[in-house]
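Open your viewer and have the selection box ready. We will go from one group of elements to the next, and at each stop you will hear what to select and what is there.

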Amino acid sequence: MRRRDLVLLLTGSFAARDGFCVEQKAVPVIGFLGSPTPGSYTPLVAAFLHGLEETGYIEGQNVAIEYRWAEGRFERLPALAADLVDHRVEVIAADAVPSARAAKDATRTIPVVFISGSDPVERGFVASFARPGGNLTGVAMMVAELAPKRFELLSEMVPKARVIALLLNPNNVQTDGVIKGVREAARAKTVQLQILKASNEGEIDAAFGTLMQLQADALIIGPDVFFHSRREQLVALAARYMVPATYEWRESVAAGGLMSYGASLTSVFRSTRRLRRKNLEGCQPGGSAGAAADQIRAGHQSQDR
């Protein structure tokens, strides 16, 4: 065996086929950074994979995915993001504001495609919609801005309601903004608004007990990835206490909830396919007007009832 052939064989850089040496390209790896439990995201991960397939990438064939789940414990996200960086993934898909923040803090070079429920400029993820800058791009759903509309629709459905409760996660950065918007809507309709807070399963149960003590006529479930992951618990409690409730996403209605108003999460997870494809093909988000345009269009298209 010639020395050159021996070196190629030992390094594993090339594979012999039909008498020629063909370079073997490594399969690109996507890091998926999820805030909740994997079980609660089963349909969303399916939409995520479907979106990839539409751009020609199939998990297990020409792309690999490293999943990291915080299991609802947001304090774990920085370590999980750092682990994905250590695995040298080509792009990180961040499912919500907390995971996007952790990914942003973990790397300034690996592209991050985020899904944000609030203004990404205000959150500091991008410099502007026109020119994102940095290594982040994604979809903004502006869910906090839809909270007052959610209140109006619920008050129309329960026209005799005099007390409406709003359940929020105190750890969510959007909480203050949601309270402000819904309070203004409640004041306009002369409805008393009661604020309830929960950040774990036990506190959700306790919140419904308080709901009964307040004699609330209806309930708004605030925008939060934790509440989405606990949608079955929330729907069951609303049915048990016979309180009409409105939710952020249609997945809660599919679980038996009364009504929802907001973005379709499955559409959003699927719509980020163009941004992930660009990153896998070596395009960087920073300064890309095309990436910014995708960011705005995807966000607008995903808002439906």
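Start by selecting helices α7 and α9: their crossing is right-handed. Right-handed here means that the near helix is turned clockwise from the far one by less than a right angle, whereas an anticlockwise turn would be left-handed. The residues in the contact are E201, I204, D205 and F208 of α7, facing Q233, L234, L237 and A238 of α9. Contact means heavy atoms within 4.5 Å. By type, these residues comprise 5 nonpolar, 1 polar and 2 charged. In this count Ala, Val, Leu, Ile, Met, Phe, Trp, Tyr, Cys and Pro are nonpolar, Asp, Glu, Lys and Arg are charged, and the others, Gly among them, are polar.

A word on what you are looking at: this is a predicted model, in which local features need pLDDT of at least 70 and side-chain atom pairs count only at pLDDT 80 or more, while totals for chains, interfaces and linings use all residues. Residues are numbered from 1 along each chain as its sequence is written, and side-chain values use heavy atoms, with hydrogens and water left out.

Stay with the pair and look along the helices. Helix α7 covers residues 201–213 and helix α9 residues 231–240; they pack at an angle of about 20°, with axes 11 Å apart. That makes α7 roughly parallel to α9. Axes are lines fitted to C-alpha atoms, for helices over the stretch in contact, and angles run from 0 to 180 degrees between N-to-C directions. Angles under 35 degrees count as roughly parallel, over 145 as roughly antiparallel, 65 to 115 as roughly perpendicular, and the rest as oblique. The element names come from DSSP runs numbered from the N terminus: helices are H or I runs of at least four residues, and strands are E runs of at least two.

**Next stop: the sheet beside α7**

Which order do the strands β8 to β12 take in their open sheet? Select the 5 strands and you can follow β9-β8-β10-β11-β12, with parallel pairing. Two strands pair if DSSP finds at least two bridges between them. At the edges are β9 (192–197) and β12 (259–260), each pairing on one side only.

Now pick β8 (residues 163–168) and β10 (residues 218–221): the two run parallel and are joined by 4 bridges. I164 stands opposite A218 in β10. Add helix α6 (residues 175–188), which lies across β8, β9 and β10 and runs at about 170° to β8. Helix α7 also packs on this sheet, touching β8, β9 and β10, and its direction makes about 155° with that of β9.

**From α6 to α5**

Keep α6 selected and add helix α5 (residues 143–157): the axes come within 8 Å and cross at roughly 25°. That makes α5 roughly parallel to α6. This crossing, too, is right-handed. To see the contact, show A144, A147, P148 and F151 of α5 with V178, G181, V182, A185 and A186 of α6. These residues divide into 8 nonpolar, 1 polar and no charged.

**The other sheet**

Select β3 to β7 next. These 5 strands form an open sheet in the order β4-β3-β5-β6-β7, with parallel pairing. β4 (64–69) and β7 (136–140) each have a single partner strand, so one side of each is left without a neighbour in the sheet. From one strand to the next, the twist averages 20°.

Zoom in on β3 (residues 29–34) and β4, which run parallel and are joined by 6 bridges. Which residue of β4 is the bridge partner of F32? It is Y67. Helix α2 (residues 42–54) lies across β3, β4 and β5 (91–94), at about 155° to β4. Helix α3 (residues 77–86) touches β3, β4 and β5 as well, and its direction makes about 180° with that of β3.

Add helix α4 (residues 97–106), whose axis comes within 8 Å of that of α3, crossing at roughly 50°. α3 and α4 are therefore oblique to each other.

**Last stop: colour by pLDDT**

pLDDT is the predictor's confidence in each residue, from 0 to 100. The chain has a mean of 82, and 81% of its residues reach 70 or more. Residues 1–24 stay under 50, as do residues 288–305. Where pLDDT is low, the predicted coordinates should not be read in detail.
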